[in-house]
Protein chains: 2
Amino acid sequence: MKTIIRILLVEDHLIARIGITTIINAQPDMVVVAEAASGMQGIELFRHHQPDVTLMDLRMGATSGADALQLIRREFPNARIIILSSHSGDAEIARVLRFGACGYVIKDVLEDELIDAVRRVHQGKKYIPAKVAQILSEYFGDEILTPSEQKILELIVAGANNKNIANKLFISENTVKSHIKNIFGKLGVNERAQAVTVAFKRGLVSVDE
Amino acid sequence: MKTIIRILLVEDHLIARIGITTIINAQPDMVVVAEAASGMQGIELFRHHQPDVTLMDLRMGATSGADALQLIRREFPNARIIILSSHSGDAEIARVLRFGACGYVIKDVLEDELIDAVRRVHQGKKYIPAKVAQILSEYFGDEILTPSEQKILELIVAGANNKNIANKLFISENTVKSHIKNIFGKLGVNERAQAVTVAFKRGLVSVDE
DNA sequence: TGAAAAATCACCCGCGCGGGTGATTTTTTT
DNA sequence: AAAAAAATCACCCGCGCGGGTGATTTTTCA
């Protein structure tokens with residue numbers, strides 16, 4: 001007798017939810033036992049169903065996948081969660097891996113890769129695609145922005161100049177410049193426009209506001 | 001006796017393809033007669049099947065949805081094509097509408113909206129969500145970048161300074177500055193970093209390289 | 001409690017960028 | 001062939017930004 005892998009899917013887009021569920025349920029040894037359309041609902045449904053594997057979208061409207069992951073793992077340290085993302089260069093990767101994600105799958109996957117990821121994670125292994133691992137090592141040595149730096153970067157993206165930033169954060173312009181130097185160093189750039197580009201490409205800031 | 005709406009789906013992501021097909025085929029009066037994973041394949045399959053309505057993803061690896069749309073409409077001026085996009089603020093909207101797109105659907109839609117769009121377009125109507133129409137009027141008065149401006153904007157995003165740009169395009173630095181002034185005017189910004197932000201938000205440039 | 005990381009601020013320099021104004025040539029469109 | 005749009009270039013000005021260097025305080029974490 002075979003063991004059926006019970007899966008919880010957390011994904012806010014209906015189209016992707018149906019697509020993934022259809023793929024999973026077509027497997028003889030897998031079944032989607034519950035679907036959540038938000039991070040909060042995902043946490044609730046996890047408590048109810050205690051699935052073997054959870055597929056969690058990284059970017060969702062209200063509660064982000066990273067937050068939901070963290071909350072679930074705090075409550076259930078053995079939870080096996082695979083993160084789904086649209087981009088391979090997402091800055092959140094490092095974060096979710098630290099919080100205990102067991103796998104990371106880019107959404108443009110083929111059927112086989114998704115199934116494979118679920119199966120491996122269910123067996124207690126990790127699943128990190130080579131492409132993702134490579135970008136991880138490139139981007140995140142110890143180059144994670146501090147909270148202040150992150151905030152300032154967001155203001156730069158919003159078009160603020162140094163004086164604007166200083167006023168908004170109630171700090172001196174010199175401090176702002178100091179932070180910006182550190183940001184440039186970490187991002188590997190030397191002017192604001194480039195910083196904005198890198199911010200978008202790494203997912204440090206988001207296109208949808 | 002009812003008429004069945006015959007639909008061609010052009011979408012490179014497997015997950016979305018399955019999701020959309022499942023939704024469509026659940027309707028009693030609709031059926032997906034063919035699925036293409038690329039723009040080129042989409043054109044071929046259109047010739048073969050001559051569907052009533054085509055659902056076309058805007059952003060795809062090789063041939064973009066906009067290009068495929070243009071080619072199909074040139075060959076079949078009465079083709080009814082609905083564009084699928086992930087973002088509502090995409091700069092390509094204006095382009096595809098000029099090329100004769102009949103509808104525009106954001107991919108985070110609910111079931112009903114997708115079905116509704118297909119049905120309306122099949123009846124000869126247009127389907128443009130209010131949100132999209134509003135952004136259209138905000139962004140694209142006559143503020144479409146010229147080819148030169150677009151190229152320069154891309155170089156700015158890539159981190160080039162004025163001298164770099166001048167060298168790469170074999171024009172003088174003064175000309176570059178002149179173009180940049182026009183770009184800033186059209187985008188409603190006054191410095192490079194803001195221009196980069198707007199470029200990403202409007203989809204003038206893309207995160208994936 | 002002690003070490004490490006983060007946040008705060010100061011001063012100097014020089015040049016690149018953005019703003020204003022005006023003009024000619026080339027290309028596209030009608 | 002005429003009109004409109006796009007591309008090309010010049011000159012000036014002034015300040016904001018980025019680069020370098022160095023230091024103190026606060027917070028976080030082990």
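Reader: How many residues does each chain give to the contact between chain A and chain B?
Author: In this predicted model, the contact takes 27 residues from chain B and 27 residues from chain A, where two residues are in contact if their C-beta atoms, placed from the backbone, lie within 7 Å. Local features need pLDDT of at least 70 and side-chain atom pairs count only at pLDDT 80 or more, while totals for chains, interfaces and linings use all residues. Residues are numbered from 1 along each chain as its sequence is written, with chains lettered from A and ligands numbered from 1 in the order in which they are written.

Reader: And which element gives the largest share on the side of chain B?
Author: Helix 1 of chain B does, with eight residues on the side that touches chain A; helices (H or I, at least four residues) and strands (E, at least two) are DSSP runs, numbered from the N terminus.

Reader: Switching topic, what order do the strands of the sheet in chain B take?
Author: Five strands form an open, parallel sheet in the order 2-1-3-4-5, and two strands pair if DSSP finds at least two bridges between them. Strand 2 (30–36) and strand 5 (103–106) of chain B are the edge strands, each pairing on one side only.

Reader: How many bridges join strand 3 to strand 4 there?
Author: Four bridges join strand 3 (residues 53–57) of chain B to strand 4 (residues 81–85) of chain B, and the two run parallel. For B:T54, the bridge partner in strand 4 of chain B is B:I81.
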